[in-house]
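Colleague: Please choose one part of this model and take me through it slowly, with the cut-offs behind each term. I would like to see how the rings and the strands around it are arranged, and then how that part sits within the whole chain.

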Amino acid sequence: MVSKTDSFGFNETKMFQVARDCSPDDHKHTQNLVESKDDMLYVWNAKNCCILVLNWRAAASRKQDELKHQTLIPSAPQNFTVEKILPSTDGTFLALAGPKGVSIIELPRRWGPSGQYQNGKECIICRAYNLDEHLFTESATLELLQIRWHPASPTDSHLLALLSDNSIRVYDVDSLRHVWRIGPTPTPQPVVIGSGSGVGGGSKHGSSASFVGSPGTAVASPGVTSKLAYLNSLGDTAVDFDIAPPRVVSSATGGSGSVGADTTFSPTTTLSTTSSTVTATKPAIAPKEGTLMNDSVIAQKNKKAPPTAGAGGTKVEWPIVILRGDGNVYVLCAGIDTNRPKLQGPISIQPQVDDNYGLDSCSLIVIPTLPPTVIIAESTGKTHHALFLEESCPLERSLTSEQLADSNLTLHPCEWYLHVLETVELELGLPSVAETKEAKSYSCPLHLKRDPLNEARYFAYHNAGLHAVTLDFTRPLHEFVQQEGTDELVEKYPLFNSHSRAEYVVCTKALQNANTNAVLGFTLLQSPSGLVLFLASGQVVSLDLITDHSLIRKWPLSGSTKKAGNSESPIKNMLKDSFQKRIQSILRSGLTQPILKLDQSTEPTPQEAFELLTQATRMLRENYFVRHDKARQEIEKREHVLKLLKQQQLNDIEELQAEKQKIRATAERLAETYEDLCDKQNSLFKRAQEVVRLATLRLPKGSFSEKQFTERIEKIHQSVKMLQKNVDQAKQKITTQQMELEMKKKTAKEKTFTLPVKQEDIIKQIIGEMYTQIDSNVKDVKKMNNILNLT
């Protein structure tokens, strides 16, 4: 059944019921026994030493028909206590890790309608590889601190493991590829304490070095125990690491060299787009030397082809950011096949502080923003947000660094520095009345996990619950870096003007002396976005997540039903918006009330229950009632101002009504005057037209058009005369011809004369033509007479 604290309904599933019954015996400290990859959810069964897996997305779609979970059984049993599981980048392998060992399980193939392993087979035996078992059995103090899958692995099988002896081991499934030294090597020799402290940017370090080890040189000796304890007490042991976005360096002048060849300092690094949402626009062009690149793009390229030198003598490096317990940060520049990596550091941390931003650092993550953001966590609950920036003069800074005691070990100049933007202090449990008066005493290690869907958010889980921290500077910083120009951008993007927001999501420690309800597993789900939290008490908290908080700010208010076309007064909008923001800022609390999930194994005593009630009452009084009283005072003040404004507006309305009546009377009078003027204007216009017509008639000479018309009449008259003359001539000729014809007829009677037939036809033809011509001339004359009205 879905509840408010279990949005996905995992509490009622058979898988978590089994996990609840088979929880680990040691559940007093935070572990991570729950992980997810795509639509698969993995839970470690500590009692049966197997993995419970469920396709949670398919199970959510099949509400009535419950989807059964599957059990993955490793073929090789683990000789250590598993405290962390981690699937690979593509979900091909699953790593099992604990303080005394690490194992890799090869996951089976998936097929079938529900997308399960081997079409939903209930129990599956998977091939498992236990890595370096002899190494942990021979050394009693050696521990595994952190594991990470390398994102550029071409086979999705390269695992990086951080050990407590200041070494990182690179495994390719069951084979040990490299051993990278990242600090002082524990040896049975006498300990030499350095006399000076670190210089530059608030970083301090002892004798730190970069040493290349082979797979056979890492066997611990009996004298290592005291050395490890000494290094741990000084904070010279690495506690965590993470892989930063890659960069392209020259294979000849920069990066990490091969075996037997020393390396030199690489050219200046140029920061570029590292966000996982940005794609390469010109993949055919070789990247610029020393440029941080998109980690997802490089990972896809490396999966297709092994990482070799490019056409221009360039190759890809993945900087590994390493955190030590004393707060110092180092960078190991290495690729997957690098034998001699460069250890750079300690990184300069700006601005400088006395405590070097924490003396009890415990966790570190790198968020692939632009530029990358490094999150450093302390056991006291503080997290430091820093930008991973390029060092302008790394060679000059390296000249002032401390000389190493061992000449065989080298420490390269650092090419980056950290600029801390802010420090967020997380509340580990609800403080009691006594703790508020005194300094906060409770502390525990923090475990960090970044949000894969939102690069501006990460999560911190610990013995006291779960925190969600949202970074407000990532989005404006990304826009600022992508734009061009300087002066206008500073005004358009005021950087770092708002603080990050920390939300206490789940609290598992409300009383000072209560049992710890530690987090046994935490993972993030995708599509839909959500989180799953598995507690030591067996409770499962699953909540929906908002992918991007900026979308909420753009949503309109629920009560606003006005359309965009109905614009309001600017003064009204200004008053309304400012007052709403003012009330929201007053009611906005700096603290968030988490979901309480306490240990249910023992009932609290009446004193503890009273203390919890006192905490809730004090929280309401100090953080809610005061704010509501202040908001009420602001509302009353605004109400008084609005009443005065309303009265003034009513008076103004009365004055405007009187003025409106005056304007209406004036408008009517002006309309009547306008009509009278129009009538007079029309009569004057007609009189003017008549005067012009009479004046034109009395002119001595006609106009130009009349002259033209007269000339045309004259020409027509002359043509008519010529035609009349031609007609008269034709009539005379006809008369003459008729007389001659009559005379010929008379003579013909008297004398018979017969013409030839041919001559007769010619004469008839000529007479016909003359008749036709005469007839046309007569018609023309009649037409002219009709035109000139001549009788």
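Modeller: A residue is called buried when its relative accessible area is under 20%, exposed when it is over 50%, and partly exposed in between, with a 1.4 Å probe and protein chains only. What you see is a predicted model, in which local features need a pLDDT of at least 70 and side-chain atom pairs count only at pLDDT 80 or more, while totals for chains, interfaces and linings use all residues. Residues are numbered from 1 along each chain as its sequence is written, and side-chain values rest on heavy atoms, with hydrogens and water left out.

The part I have chosen is strand β2, residues 40-45, where a strand is a DSSP run of E of at least two residues and a helix one of H or I of at least four, both numbered from the N terminus. This strand is mostly covered, since six of its six residues are buried. Met40, Tyr42 and Trp44 point one way from β2, whereas Leu41, Val43 and Asn45 point the other way. In a regular strand the side chains alternate between the two faces of the sheet.

β2 has an antiparallel partner in strand β1 (residues 34-37), with four bridges between them; strands are said to pair if DSSP finds at least two bridges between them. Valine 34 has valine 43 of β2 as its bridge partner. The two strands form a hairpin with two residues between them, and aspartate 38 in that turn has a positive phi of about 60 degrees. β2 also runs antiparallel to strand β3 (residues 50-55), joined by six bridges, and here tryptophan 44 is matched with isoleucine 51 of β3. This second hairpin has four residues between its strands, and cysteine 49 takes a positive phi near 55 degrees.

From there we can turn to the rings. Rings of Phe, Tyr and Trp (its six-membered ring) pair if their centres lie within 6.5 Å, and the planes count as stacked when under 30 degrees apart, edge-to-face when over 60 and tilted for the rest. By this rule there are eight aromatic pairs. One of them is edge-to-face, joining phenylalanine 8 and tryptophan 56 at 5.9 Å centre to centre with 90 degrees between the planes. Phenylalanine 8 lies in the segment before α1 (14-21) and tryptophan 56 in helix α2 (residues 56-61), so this pair ties together parts that are 48 residues apart in sequence. Tryptophan 56 counts as buried, at 3% relative accessibility, and together with Phe8, Phe10, Phe16 and Phe534 it forms one aromatic cluster.

Another pair, phenylalanine 93 with tryptophan 149, is stacked, at 6.3 Å centre to centre and 25 degrees between the planes. Phenylalanine 93 belongs to strand β6 (residues 93-98) and tryptophan 149 to strand β12 (residues 144-149), so that distant parts of the chain, 56 residues apart, are linked. Both rings are covered: phenylalanine 93 is buried with a relative accessible area of 7%, and tryptophan 149 is buried at 9%.

As for the whole, the chain has 14 helices and 35 strands, and 40% of its 791 residues count as buried. Contacts (heavy atoms within 4.5 Å) give a further view: among those between residues at least 6 apart in sequence, 66% join residues at least 24 apart.
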